[in-house]
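Got your viewer open? Let's take a walk through this structure, one selection at a time.

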Amino acid sequence: MRAVDLIQKKRDGLELSTEEIHWLVSGYVTGSVPDYQMSALAMAIYFKGMSMRETRDLTMAMVGTGEQMDLSAIHGIKTDKHSTGGVGDKVTLILAPLVASFGVPVAKMSGRGLGHTGGTLDKLESIKGYQIERTKTEFIQQVQEIGLSVIGQSDRMVKADKQLYALRDVTATVDSIPLIASSVMSKKIAAGADAILLDVTVGDGAFMKTEEEAIQLSETMVSLGKEVGRQTVAVITNMSQPLGRAIGNRLEVLEAIDIMKGEGRSDITDFICELAQMMLELAGVQKSLVEIREKLTNGEALEKFEAMIQAQGGDIIDLYRPVQVKYVVEVKAEQDGYVSALPALEFGLFAMKLGAGRAIKTDALDYESGIVFDKKVGDEIKKGDTLAKIYSNQKITENLLTEFKKNVRIGSERIIQKEILKIIN
Ligand code: URA
């Protein structure tokens, strides 16, 4: 076989066979298919798409390029959750301990943020001492003991995705449904959980810009999961504005703690309870939203979170420490009205400029910097109200402040935004 012929086949809109897909993926990992040919193939897939059979073959070929986690030593139905990326997305920090507090084991591997999107690992690493690297034995033992662990994706799993994701990131081929579906599902399948909740974000701050695309991606991923015997549900969620109040690593950890103390905004608190209900149901546990909210806000989820932080070497005193930055700038409303839009992409990019996110993989992070919104879409405001606070270690120039204010859109009518748009199962 020659890579050039297979690239041409896909470029011309033909289907690749199972054997051809496996040959390309294993050749890419072993080095016989170079980056430039894989880039061309990714672009051909971007334009021509893949059939469901090809997407499944690509997913399973990727799973085969590394170790697979065997979680059978852990008693019960093991659950996992994945988000396709967003701004201010601290859901895992809250949902994982909440679900674990019902006795359902959560064994989760998370990723880092890139560009305007944040990553759970970076948030956890903003806590002094927290170890994201665990051996397989330590990971399994911790889930057996406390029912919960969130670690980094092992380098030994799905090697093809590590290489391919980095390549897609610099060749404008990230936002392709077969490539996203195979990337996400190869990792979830290799990670070994029995039940998977997929949070498929849609909107300005997400890879999927329309609900139709999000539905197509969700259906593809749910069917990939089910085909290999994993209970899989996808929830299409709104990412047109940042999720919750905070963007920025430590600021999001602090918001997660507030939510687990019952002091969070009701929109994100309700949203997390609904996700928890679905994740519990996947594990065969039926709970009402009232019961879930009770556990979320009565300190039990927070206790689980603390147990995980401590088990992974994190410092509990540091966990509760307020952010340490040189500058805190309050952004005030200049007119009365309602917040009508807070474009997630723009604020994600703004937070990145403050150092809260990485433009390229090797960028260092400023864990302390970010934004906390006092007002969100639909909230009423009066002239002089604080809209948001910017936490930064660099001086906020007039230009930056003007850019920030320009993106806080104010209207005269209240807009109601739903967090959960659709459920695909
Ligand atoms: N998240 C992933 O893990 N992979 C993608 O391709 C996109 C989002």
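A polar contact here is a pair of N or O atoms within 3.5 Å. Keep that in mind for the ligand, and remember too that you are looking at a predicted model.

**Stop 1: the ligand**

Select the ligand and zoom in. Which residues are around it? You should find His 82, Thr 84, Tyr 165, Arg 168, Ile 180, Ser 183, Val 184, Lys 187 and Phe 207. Sorted by class, that shell has four nonpolar, three polar and two charged residues.

Now show the side chain of Ser 183: one of its polar atoms lies 2.6 Å from a nitrogen atom of the ligand. That pair counts as a polar contact because the cut-off is 3.5 Å. Next, pick Arg 168, where a polar side-chain atom is 2.9 Å from a ligand oxygen. Then go to Lys 187, whose side chain has an N or O atom 2.5 Å from an oxygen atom of the ligand. How much of the ligand does the protein cover? On its own the ligand has 240 Å² of accessible area, and the protein covers 93% of that.

Color the helices H8 and H9 next. Each of them supplies at least two residues of the shell, and H9 gives the most, with four residues.

**Stop 2: two residues with positive phi**

Stay with H8, which covers residues 159-169. Just look at the loop between strand E3 (148-152) and this helix, and select Val 158 there. Val 158 isn't a glycine, yet its phi is positive, at about 40 degrees. Is Val 158 buried or exposed? It's buried, because its relative accessibility is 1% and the cut-off for buried is under 20%.

Now move to the loop between H8 and H9 (177-191) and pick Ala 172. Ala 172 also has a positive phi without being a glycine, this time near 55 degrees. With a relative accessible area of 54%, though, Ala 172 is exposed.

**Stop 3: the nonpolar cores**

Time to look inside. In soluble globular proteins, nonpolar side chains tend to be buried together. Here, the largest nonpolar core has 82 residues. Select Ile 371 and Phe 404, the residues with the most contacts inside that core. Which helix gives the largest share of this core? That's H12, residues 266-282, with 10 residues.

Apart from this core lies another one, of 55 residues. To get a feel for where this other core sits, select some of its members, including Ala 61, Val 63, Leu 164 and Ala 214.

Go back to Phe 404 and show what it touches. Leaving out neighbours within four places in sequence, its contacts are Val 331, Phe 347, Phe 350, Ile 371, Phe 373, Ala 388 and Ile 390.

**Stop 4: H12 and a buried strand residue**

On H12, pick Glu 281. Glu 281 is partly exposed, at 46% relative accessibility. Try a distance from here: the C-alpha atom of Glu 281 is 15 Å from that of Ala 193, and the two residues are 88 residues apart along the chain.

Ala 193 turns up again when you select Thr 79, which is in strand E1 (residues 79-83). Beyond its neighbours within four places in sequence, Thr 79 is in contact with Val 99, Val 104, Pro 105, Val 106, Ala 107, Ala 193, Ala 195, Met 279 and Ala 283. Thr 79 is buried, with 0% relative accessibility.

**Stop 5: three more to click on**

First up is Gln 241, in the loop between strand E5 (231-238) and strand E6 (246-247). Its side chain reaches the backbone nitrogen of Val 377 at 3.1 Å. Gln 241 is buried, at 8% relative accessibility, and it touches Leu 342, Ala 344, Lys 376, Val 377 and Gln 417, not counting residues up to four places away in sequence.

Then find Lys 422 in strand E13 (residues 420-424). Lys 422 is partly exposed, with a relative accessible area of 36%. Outside its neighbours within four places in sequence, Lys 422 is in contact with Glu 211, Ile 215, Ala 234, Val 235 and Ile 236.

Last, select Met 352 in helix H16 (residues 344-354). Not counting residues up to four places away in sequence, Met 352 touches Gly 115, His 116, Gly 357, Arg 358 and Ala 359. From the C-alpha atom of Met 352 to that of Leu 365 is 8.9 Å, with their places 13 residues apart along the chain.

How values were computed
Residues are numbered from 1 along each chain as its sequence is written. This is a predicted model: local features need pLDDT of at least 70, side-chain atom pairs count only at pLDDT 80 or more; totals for chains, interfaces and linings use all residues. Side-chain values use heavy atoms; hydrogens and water are left out. A nonpolar core is a set of buried Ala, Val, Leu, Ile, Met, Phe, Trp, Tyr and Cys residues joined through side-chain atoms within 4.5 Å. Buried means under 20% relative accessible area, exposed over 50%, partly exposed in between (1.4 Å probe, protein chains only). Contact means heavy atoms within 4.5 Å. A residue is near a molecule or strand if one of its heavy atoms lies within 4 Å of it. A polar contact is a pair of N or O atoms within 3.5 Å; within protein, one must be able to donate a hydrogen and the other to accept it, and residues adjacent in sequence count only if both atoms are side-chain atoms. Accessible areas come from the Shrake-Rupley method with a 1.4 Å probe; for residues, only the protein chains shown count as cover. Ala, Val, Leu, Ile, Met, Phe, Trp, Tyr, Cys and Pro count as nonpolar, Asp, Glu, Lys and Arg as charged, and the others, Gly among them, as polar.
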